[in-house]
Amino acid sequence: MDTLFDQQLMPSPLKRATLCFELERAIASLTEDVAVVRVSPDVYQAFLENIDREVLSKTTSAVVYFLQDMTEPRFSFIRHGSQTLIDTFLFENQSETIDKL
């Protein structure tokens, strides 16, 4: 239980590393061309520290954008589809900090 769960992390009891590996699997299984993921800053930091993004880029052809959100307890895919759809979303949310995988 200690491997997967963190009693200090609320509102999600899963450890940040567990969540980042879950996110990695979700990205690797994407069938859309492009996606935007809303992610908690803690999970995003764990993702950057634990996931080899070059290897992940080879397992998926999708382009992924990350929108860090303090109110997001884990991660969620908020947009996915064509590059045109995502470009429109990025244009409408220029004030947000959005990182590209």
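These legends accompany several close-up views of a predicted model.

**View 1. The largest nonpolar core, built from helices and strands.** Welcome inside! This core has 18 residues. Leu23, Ile27, Val37, Val39, Phe47 and Phe66 are those with the most contacts inside it. Helix H1 (16–28) and helix H2 (41–50) each supply at least two residues of this core, and so do strand S1 (34–39) and strand S2 (63–68). In soluble globular proteins, nonpolar side chains tend to be buried together.

**View 2. Ile27 and its contacts.** Which residues is Ile27 in contact with, leaving aside neighbours within four places in sequence? Look for Phe47, Leu56, Thr60, Val64, Phe66, Phe77 and Leu101. Another core, of 8 residues, lies apart from the largest one, and Val34, Val36, Tyr65 and Phe89 are among its members.

**View 3. Strand S2 with strands S1 and S4.** S2 pairs with S1 in the parallel sense, through 6 bridges. Find Val39 here, and you will see Gln68 of S2 standing opposite. With strand S4 (residues 98–100), S2 pairs in the antiparallel sense over 3 bridges. Tyr65 has Lys100 in S4 as its bridge partner.

**View 4. Asp69, in the loop between S2 and strand S3 (75–81).** Is Asp69 buried or exposed? Asp69 counts as buried because its relative accessible area is 18%, under the 20% cut-off. The Asp69 side chain makes a polar contact of 3.1 Å with the side chain of Arg38. Not counting residues up to four places away in sequence, Asp69 touches Arg38, Val39, Ser40 and Pro41.

Note on methods: Residues are numbered from 1 along each chain as its sequence is written. This is a predicted model: local features need pLDDT of at least 70, side-chain atom pairs count only at pLDDT 80 or more; totals for chains, interfaces and linings use all residues. Side-chain values use heavy atoms; hydrogens and water are left out. A nonpolar core is a set of buried Ala, Val, Leu, Ile, Met, Phe, Trp, Tyr and Cys residues joined through side-chain atoms within 4.5 Å. Buried means under 20% relative accessible area, exposed over 50%, partly exposed in between (1.4 Å probe, protein chains only). Helices (H or I, at least four residues) and strands (E, at least two) are DSSP runs, numbered from the N terminus. Contact means heavy atoms within 4.5 Å. A polar contact is a pair of N or O atoms within 3.5 Å; within protein, one must be able to donate a hydrogen and the other to accept it, and residues adjacent in sequence count only if both atoms are side-chain atoms. Two strands pair if DSSP finds at least two bridges between them.
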